[in-house]
Amino acid sequence: MNTATQLVPGATVPEGQTPPMVAADHAQLLASADPVLAANKRLCYDMYRIVLQGGHAERAHEFIAEGYIQHNPNVVSGREALETFIRGSRPAREVRPTIELPLVSIVAERDMVTMAFVRTETGEDGETYHTSWFDLFRIEDGRIAEHWDPAIKSAAMLRTDPNTQRLD
Amino acid sequence: MAEAETLQQRNARIVLDMWQGVIREGSREAVLRYIHPDYVQHAVNLPSGREQLLHLTDLIRNPPEGFVPPATKHLVRTVAQDDTVVVIWQQDQPDPARPGETYPGHAFDMYRLEDGLIVEHWDDTRKWVRSWAEEQPGERP
């Protein structure tokens with residue numbers, strides 16, 4: 001059985017370069033035969049859509065446990081610290097029905113959910129290129145209780161709006 | 001008797017065995033055993049193609065001067081579903097505020113498998129000035 005999520009080009013690139021690929025169908029990414037895994041994926045998807053993309057810090061409590069453990073080196077643990085980070089880095093926007101950032105995959109197993117995104121970076125030569133960004137979430141009692149990502153220490157990250165990572 | 005391995009356990013085992021053989025040991029045999037001939041690469045410092053990983057193992061065994069080797073990563077956990085395995089690692093990063101010191105960060109690799117072979121790869125690495133494809137193995141001392 002081929003369960004691969006169909007990937008489609010997420011942006012146009014100069015001839016000869018490989019375009020960044022994004023998931024064509026978010027409903028397919030969210031589906032799971034296991035109702036717990038499907039609910040965990042939906043929880044993380046909606047948190048990303050409403051809190052991180054939409055900038056709605058006041059709704060973080062719907063998705064994130066108060067004692068949230070944060071492994072990102074720029075933000076301390078706790079839901080309150082996350083709310084402060086959201087308010088300090090992006091405006092609240094209209095909540096959209098889907099994640100509009102370049103989502104590649106959602107993978108769930110046991111109490112864990114990972115999400116992968118295309119990430120645009122600038123090289124030392126000044127040229128932009130595309131790499132990948134990941135988030136790992138642990139879910140406990142219907143809330144996100146722990147988070148890991150590949151962020152490196154950077155003061156700029158505390159002011160960075162992820163909506164700058166939209167393609168095209 | 002151990003319980004039968006699930007698809008997720010099997011795929012995670014293949015990925016971690018590949019990592020040990022290809023990245024830690026620089027084994028060409030491990031590339032041929034675990035990597036699909038039509039390997040698609042989304043990581044930015046190597047083009048697609050299994051032959052590129054064979055080239056990387058040559059560099060790992062005989063590093064040229066100035067070669068940036070694959071980062072040393074310590075397994076945190078795997079998350080597997082259907083044909084996909086995500087690996088989360090602990091990786092020490094240079095501390096921008098304390099020159100010469102490091103702090104524990106995290107790194108991710110994602111693999112898609114087909115017929116028991118790894119056919120596609122993504123990771124979070126940044127682009128270096130020289131890609132691995134441009135490097136040639138060093139002289140044996």
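Me: Which residues does Ser132(A) touch, not counting residues up to four places away in sequence?

Reply: In this predicted model, Ser132(A) touches Val104(A), Ala116(A), Phe117(A), Val118(A) and Arg119(A) in its own chain, and also His42(B), Trp122(B), Asp123(B) and Asp124(B). Ser132(A) itself is found in strand 6 of chain A, which covers residues 128–140, and its C-alpha atom is separated by 5.0 Å from that of Arg119(A), although the two residues are 13 apart along the chain.

Me: Why is Ser132(A) called buried?

Reply: A residue counts as buried if 20 or more other C-beta atoms lie within 10 Å of its own; Ser132(A) has 24 of them within that distance, and it is therefore buried.

Me: What makes up the side of chain A that touches chain B?

Reply: In total, 25 residues of chain A are in contact with 28 residues of chain B. Strand 4 (103–109), strand 5 (112–122) and strand 6 of chain A each supply at least two residues of the side that touches chain B, and the largest share, six residues, comes from strand 6. By residue class, this side of chain A divides into 13 nonpolar, seven polar and five charged residues.

Me: How do you know that chain A is as compact as a globular protein of its length?

Reply: Chain A has three helices and seven strands, which follow the pattern β-β-α-α-β-α-β-β-β-β along the sequence. The radius of gyration of chain A is 16 Å and the globule rule gives 15 Å for 168 residues; because the two values are close, chain A is as compact as a globular protein of that length. The C-alpha trace of chain A spans about 50 × 45 × 30 Å along its principal axes, and buried residues make up 38% of the 168 residues. Among contacts in chain A between residues at least 6 apart in sequence, 54% join residues at least 24 apart.

Me: What does UniProt place at residues 47–147 of chain A?

Reply: The UniProt record, an unreviewed entry, places the feature "domain: SnoaL-like" there. In the model, this span is 18% helix and 43% strand, and its end C-alpha atoms lie 12 Å apart.

Me: What span is expected for helix 2 of chain A at 1.5 Å a residue, and how far does the helix reach?

Reply: Helix 2 of chain A (residues 35–53) has 19 residues and an expected span of 27 Å, and it reaches 25 Å from its first C-alpha to its last, which is close to that value. Among the buried residues of this helix are Leu37(A), Cys44(A), Tyr48(A), Arg49(A) and Leu52(A), while just after the helix Gly55(A) takes a positive phi of about 75°.

Me: How do you know that the span of helix 3 of chain B agrees with the expected value?

Reply: At 1.5 Å a residue, the twelve residues of this helix (50–61) should span 16 Å, and its end C-alpha atoms are 17 Å apart, which agrees. Leu53(B), His55(B), Leu56(B), Thr57(B) and Leu59(B) are buried in helix 3 of chain B, and the buried residues of that helix pack against helix 1, helix 2 (28–34) and strand 1 (35–41) of chain B.

Me: Why is Arg13(B) called partly exposed?

Reply: Arg13(B), placed in helix 1 (residues 7–24) of chain B, has 14 C-beta neighbours inside 10 Å. Because exposed residues have 12 or fewer and buried ones 20 or more, Arg13(B) falls in between and counts as partly exposed. The C-alpha atoms of Arg13(B) and Thr78(B), 65 residues apart along the chain, are separated by 9.6 Å.

How values were computed. Residues are numbered from 1 along each chain as its sequence is written. Chains are lettered from A and ligands numbered from 1 in the order in which they are written. This is a predicted model: local features need pLDDT of at least 70, side-chain atom pairs count only at pLDDT 80 or more; totals for chains, interfaces and linings use all residues. Helices (H or I, at least four residues) and strands (E, at least two) are DSSP runs, numbered from the N terminus. The radius of gyration is taken over C-alpha atoms; the globule rule is 2.2 Å times the number of residues to the power 0.38. Two residues are in contact if their C-beta atoms, placed from the backbone, lie within 7 Å. Ala, Val, Leu, Ile, Met, Phe, Trp, Tyr, Cys and Pro count as nonpolar, Asp, Glu, Lys and Arg as charged, and the others, Gly among them, as polar. UniProt positions are given in the numbering used here, feature names are shortened, and annotations may be inferred rather than shown by experiment. The expected span of a helix is 1.5 Å times one less than its number of residues.
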